[in-house]
Amino acid sequence: MNLKKSKVVSFLVLCVTALLLAGCGTEKSINTEPVHEEELVNLETLLQETGMESYEVKAVVEKENSAYVLVEVWGDDSQSQVIYQVKDTEVSRIADWETEESTITETMDVDAAGKFYILEKQQKKETVYTNIKRVECGKESVEEIPLDTWIEKNDSVQFIQLDGAQNLYLFFESGRISVFSDEMQYVSDITGHEGEYLIDATRLQDGNIIFVSAKYKGEQEILSLYEVEKGADETKELLVLPEERYGSRLLFSGSGIYDYYIKGENEILGGIREQSSLTPVIRLQDADIVSSEIQFVCALAEDKLFAVKESETVDLIYIAKGEKKGEEEKQVLYLASLDSDSVMEKEVADFNKTNNKYRIEMKNYGDNEEPVQSFLVDLATGAEIDMVELPSEETDKLMAKGIFADLYPFIDSDTTLQREDFYDNILQAFEYEGKLYQSVSFVHLYGWVTKKSHLTEIGRWDFDVFQRYLEHNSGNNIFTDTSEEKILNQMIIISSDELLDWEQKTCYFETETFADILKLAKQYGEDNSGISLEDKIPALIDNRLLFVETQLSIEDIYMYSEALGEDMAVAASPFSEHLGANLYSTMPQLGIIAKSSKTEGAWQFVRRFFTRQYQDISDDDNFLQSGATGFPVRKDCMENLIQRFTATEDYEKDGKWYTAIKPKDYSIGWNGYDIEVGPLGKAEEEMLLELLSNSDRKQGIDPAIQDIIMEESSAYFNGEKDAEAVAEIIQSRVLIYMNE
């Protein structure tokens, strides 16, 4: 063996071993019984009997193996509440009553006799009134019990809970807990948690109450679980919850061996009072359920949970143990997720439901201290991984590892896709060594909005022109809220590919250019007083501000065009040699592992992000918010989106009617500068298409490199070192990092 190669291999083995011993080489996984989803009823269909037009589920409680669902419904001139009982497969309406329009329903509980206690608030002028509404099924009258006498100034009731002795507990924002009898007579206060934030509570099978409280130790938030015995005025800590992202409505009563359940980020955890740990019970991914879509849960039996699932529609479902009946055995594709969210979970769930040959299992590395390193260690040690969801800032580093398959051959051999479907300049911007290793579905256009009349050398845009531009307008602020650090951060993000070369694994910080960037940041960070973000448009118009850095949505183009007229221009990296925007890819970005034995199966999932069905958002009812989504990379989908924004009349396309934006439909603005929005004009349309067609630089920087630059540059800004010395240190540290 070549001696140099032998040393490299030994070094890699030592690194992998050390990382495994350090515990950072495996994604978090749990072993649970299989589960599946059983649909009960679509709530919209169920509510058709009420004749109401809109609705919202407000609370779910459990009693004697039945779930009770409180729904608030609205019509043109009325508002009411409905309670449905879910028992086995039967869903029946058991109570309904009208409410005032100002009523805000917070939460609900039910006692042993079947009376419902509903916490409500009403806004009347500048005063908020808090009531308990007590509803008894079969009786026409609804009892209202005011609570304002018991609520101190600047406090409020967050939620309520009944115990097994018919006592009612009020949990206050201040951390106080007040106890009342079933006749609403004051009993006592529990004061040991004042100053804490009470999050959620539930009643256990024996009637005791448990609740979750949050408090801070320094900057760290700590969530703890406490128990209150029936009639007691003290609490007992059961356990400190492990560090995990929890949402609202996280706690509910247990069944079988578990005293309680907690809804974690991706699974249901079971707890036993005598034990100071939680046990994974149900992994929602196994039932192809997106965790964020589950809004309410309660246990009706040991083998099934009831839940309200909110996706495109609202459905009442069971999450039942056991395999789904009739489902054929599928091959498993493993997707390593480094930065997962509900968007990807939803796509995976949909794929698993519709694909007859494959199903995807997600391996989540996002909660690991070093997600990328943990993934690379697992890959090096033979873990089954077929695809990777890439964080946008980490793509260059990962592509430099040579682990991904080129997607161009997959596109070329696909019978329904061809490269001509896409903006070639955008795909090329995301290439690495001439190959496309990641999916690109939507992009943001990131740029600096400025006045064209300020650009005396309009035909050119490079760093020299940029510097002269600043000198000619030296009395202006460069950006809003400027400081030395913020100016430097802007410059390195927008010009990262000038400073870093991942293909050659080298960098260019020991250059006159980077030294000039440092000096520029210090000069303008010290000299400029700063302009608030809220004042950006008036400051741009009044020549107090040179650039507004922004992700350009259609709304932005409309807004700045209205504000500046034909004087609007967009600049990006001063190394791009032409005016325009940089490209920033948004979710999802997926790569296929080249050594996978199931690359064709992986492509069946990855290809969906290149399809018209996925990228066409023109029929989305929330299309006015497309700035948050980005622009499609497919030309036909972009044409459809443009048509939606430019149409002056409602129109029909492919059997569907689209509503045009009417003049003055809505307004946008900043700090009193308001613009009434209407359809895009020809000039705005041409500007948008020109930006999309001419943008050819990918934007983004590895967070670790960004931290190195900002950390070392502080010595220059503080006057401790000159720019050249700082640049030398940055060059050395970044080179080491890039070649690790």
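**Helix packing, internal cavities and unusual backbone angles**

Helix α16, residues 635-646, packs against helix α17, residues 682-694, at an angle of about 160 degrees. The two axes lie 11 Å apart. The model examined here is a predicted one. Angles over 145 degrees count as roughly antiparallel. α16 and α17 are therefore roughly antiparallel to each other. The crossing of α16 past α17 is right-handed. On the α16 side, the contact is formed by M638, I642 and T646. On the α17 side, E685, L688, L689 and L692 take part. By class, the residues of this contact are five nonpolar, one polar and one charged.

Helix α18 takes part in two further packings. Two packed helices are described by the angle between their axes and the distance between the axes. Helix α9 (residues 484-494) and helix α18 (residues 703-717) pack at an angle of about 140 degrees. Their axes are 11 Å apart. This angle makes α9 oblique to α18. α9 passes α18 in a crossing that is right-handed. From α9, the residues that meet α18 are E484, E485, L488, N489, I492 and I493. Their partners in α18 are Q706, I709, M710, S713 and F717. The contact of α9 with α18 divides into six nonpolar, three polar and two charged residues.

The second partner of α18 is helix α19, which spans residues 723-738. The angle between α18 and α19 is about 160 degrees, and their axes are 9 Å apart. That makes α18 roughly antiparallel to α19. Here too the crossing is right-handed, with α18 passing α19. α18 contributes A704, I705, I708, I709, E711, E712, S713, A715 and Y716. α19 contributes A723, V726, I729, I730, R733, V734, Y737 and M738. This contact has 13 nonpolar residues, one polar residue and three charged residues. I709 and S713 of α18 appear in the contact with α9 and also in the contact with α19.

Internal space was examined next. Rolling a probe the size of a water molecule over the atoms shows where empty space is left. The model holds five cavities of 30 Å³ or more. The largest cavity encloses about 130 Å³ of space. It is lined by 13 residues. L284, Q285, I289, E345 and M362 are the closest of these to the cavity centre. Two elements, α3 (342-354) and β26 (358-364), each supply at least two residues of the lining. α3 gives the most, with four residues. By class, the lining of the largest cavity has six nonpolar, five polar and two charged residues.

Two loop residues stand out for their backbone angles. E433 is not a glycine, yet its phi is positive, at about 55 degrees. E433 sits in the loop between α7 (424-429) and β28 (442-451). D654 is not a glycine either, and its phi is also positive, at about 50 degrees. The loop that holds D654 runs between β36 (651-653) and β37 (656-658).

Terms used. Residues are numbered from 1 along each chain as its sequence is written. This is a predicted model: local features need pLDDT of at least 70, side-chain atom pairs count only at pLDDT 80 or more; totals for chains, interfaces and linings use all residues. Side-chain values use heavy atoms; hydrogens and water are left out. On a 1 Å grid over the protein atoms alone, a cavity is a set of points where a 1.4 Å probe fits but cannot get out, and a pocket is an open set with protein on both sides within 12 Å along at least five of seven lines; lining residues have an atom within 4 Å of a point. Grid points are joined across faces, edges and corners, and a volume is the space filled by probe spheres set on the points. Ala, Val, Leu, Ile, Met, Phe, Trp, Tyr, Cys and Pro count as nonpolar, Asp, Glu, Lys and Arg as charged, and the others, Gly among them, as polar. Axes are lines fitted to C-alpha atoms, for helices over the stretch in contact, and angles run from 0 to 180 degrees between N-to-C directions. Angles under 35 degrees count as roughly parallel, over 145 as roughly antiparallel, 65 to 115 as roughly perpendicular and the rest as oblique. A crossing is left-handed if the near helix is turned anticlockwise from the far one by less than a right angle, and right-handed if clockwise. Contact means heavy atoms within 4.5 Å.
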